[in-house]
Amino acid sequence: MSSLVQVSGLRKSYGSLEVLKGVDFEVDRGEVVAIIGPSGSGKTTMLRCINLLERPSGGRIEVDGNVVCEEQDDGTMRFADKRSIREIREEVGMVFQRFNLFPHMTALANITEAPHYVKGLSKSDANARALELLDSVGLAAKADAYPLQLSGGQQQRVAIARALAMDPALMLFDEVTSSVDPELAGEILLVMKELAEGGMTMLVVTHEMSFAAEVADRVMFIDHGLVVEEGSAAEVLRSPKNGRTQAFLRAVLERAPMAAEDEADTGPIADSHSQEILRSHIDTDGRDDG
Ligand code: ADP
Ligand code: MG
């Protein structure tokens, strides 16, 4: 069976700044891939290329058999036509770092908007599905709330429900917990974990190493626009081979102990032992290794 997502030789420049320098990876159906890497390494740009929110400068992307873009022999880019782009965007749900719900609409209306107006679902079908989705993200009681009446964590869960309402084949998450108070991150991560367990294919840019360790089938480390290291979560997070991956994980873990304690009782992910496990394995000077 072919992969759901195939990316090869992906390049993207802004003027003279080359942000993606030839990224290759594939994602199988049902697979959860965590993308980690320093700020500015090109993670957001890479996700945005997949549904053509950014237009790649080179390489090829295919999603579920649809060619999103393809570099031609003469080096020019050929992009999917308008209609295919619409189809691709319906198949690819995206949740961003900043909450981007429509502020003048209730949670329910935020979720029903696209299924009704884009997919042509009847109002009552769209409503019924939206209520189901709100329930699945723990917000059944908030259907009539406006975004400003919701916490950041609740808004992100509505945003996830909104993306799911289009029945996407693939979900992209871009640091969706970075803008919420740390004690609210756990409730978002739990929803994502349940989604993963339900078989959703997910590409997750995250700084939450315990989430990556627990939920991701695979971890990709990106630095300076290239995939530097890739493997199972255990391989990449516990025994990174590349020096840059090691340095990045050390830096992340130096900041993490406090956060891990603060979040100790916010849920199964935040209070997991993975931080501890990671810390013991990533100590690359070997002091703790037995
Ligand atoms: P990350 O998500 O890993 O932090 P980004 O993909 O957001 O990285 O950004 C990678 C690089 O591309 C950064 O140097 C950023 O400043 C630059 N960049 C991103 N978007 C644009 C844009 N629209 N115009 C110019 N430069 C951009
Ligand atoms: Mg980013």
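Start by selecting β7 and strand β8, residues 170-174: the two pair in the parallel sense, over four bridges. Put a label on V92 and look across to β8, where L170 stands opposite. Keep in mind while you click around that this is a predicted model.

**Widen to the sheet around that pair**

Now add the neighbours. β7 and β8 belong to an open sheet of six strands, ordered β7-β8-β9-β3-β10-β11, and the pairing in this sheet is mixed. At its two edges you'll find β7, at 92-95, and β11, at 226-232, each of them paired on one side only. If you look along the strands, the average turn between neighbours in this sheet is 15°, ignoring direction. For a general reminder as you switch on hydrogen bonds: strands of a sheet pair through the backbone ones, in either a parallel or an antiparallel way.

**Hop to the other sheet**

Next, select β2, β1, β4, β5 and β6. In that order they make an open sheet of five strands, and here the pairing is antiparallel. β2 and β6 (77-79) are the edge strands, with a partner on one side only. Neighbouring strands here are again turned by 15° on average, direction ignored. Zoom in on strand β5, residues 66-71, and you can trace three bridges joining β5 to β6, with the two running antiparallel. One spot to label is E70, whose bridge partner in β6 is R78.

What packs on this sheet? Bring up α1, which touches β1 (5-14), β2, β4 (58-63) and β5. The direction of α1 makes about 120° with that of β1. Then show helix α2, residues 82-91: this helix lies across β4 and β5 and runs at about 120° to β5.

**Stay on α1**

Is α1 mostly covered or mostly open? Colour by burial: α1 is mostly covered, with six of its eight residues buried. The ones to pick out are K43, T44, M46, L47, C49 and I50. Just past the helix, click on L52, which follows α1 and has a positive phi, near 60°.

**Turn on ligand 1**

Which residues surround ligand 1? Select Y14, L17, V19, G37, S39, G40, S41, G42, K43, T44 and T45, and you have the shell. By character, this shell divides into three nonpolar residues, seven polar and one charged. Two elements, β2 (17-27) and α1 (43-50), each supply at least two residues to the shell. Which element gives the largest share? That's α1, with three residues. Two residues are worth keeping highlighted, K43 and T44, since both sit in the ligand shell and both are on the buried list for α1.

**Zoom out, and colour by confidence**

Finally, show everything. The protein has 10 helices and 11 strands. Of its 290 residues, 41% count as buried. Contacts reach a long way along the chain: among those with a separation of 6 or more, 65% are between residues 24 or more positions apart.

Switch the colouring to pLDDT. The average for the protein is 89, and 88% of the residues score at least 70. Where does pLDDT stay under 50? Select residues 258-290 and you have that stretch. The model has 45 contacts beyond four places in sequence for these residues.

How values were computed
Residues are numbered from 1 along each chain as its sequence is written. Chains are lettered from A and ligands numbered from 1 in the order in which they are written. This is a predicted model: local features need pLDDT of at least 70, side-chain atom pairs count only at pLDDT 80 or more; totals for chains, interfaces and linings use all residues. Two strands pair if DSSP finds at least two bridges between them. Axes are lines fitted to C-alpha atoms, for helices over the stretch in contact, and angles run from 0 to 180 degrees between N-to-C directions. A residue is near a molecule or strand if its C-beta atom, placed from the backbone, lies within 6 Å of it. Ala, Val, Leu, Ile, Met, Phe, Trp, Tyr, Cys and Pro count as nonpolar, Asp, Glu, Lys and Arg as charged, and the others, Gly among them, as polar. A residue is buried if 20 or more other C-beta atoms lie within 10 Å of its own, exposed if 12 or fewer, and partly exposed in between; C-beta atoms are placed from the backbone. pLDDT is the predictor's confidence in each residue, from 0 to 100. Two residues are in contact if their C-beta atoms, placed from the backbone, lie within 7 Å.
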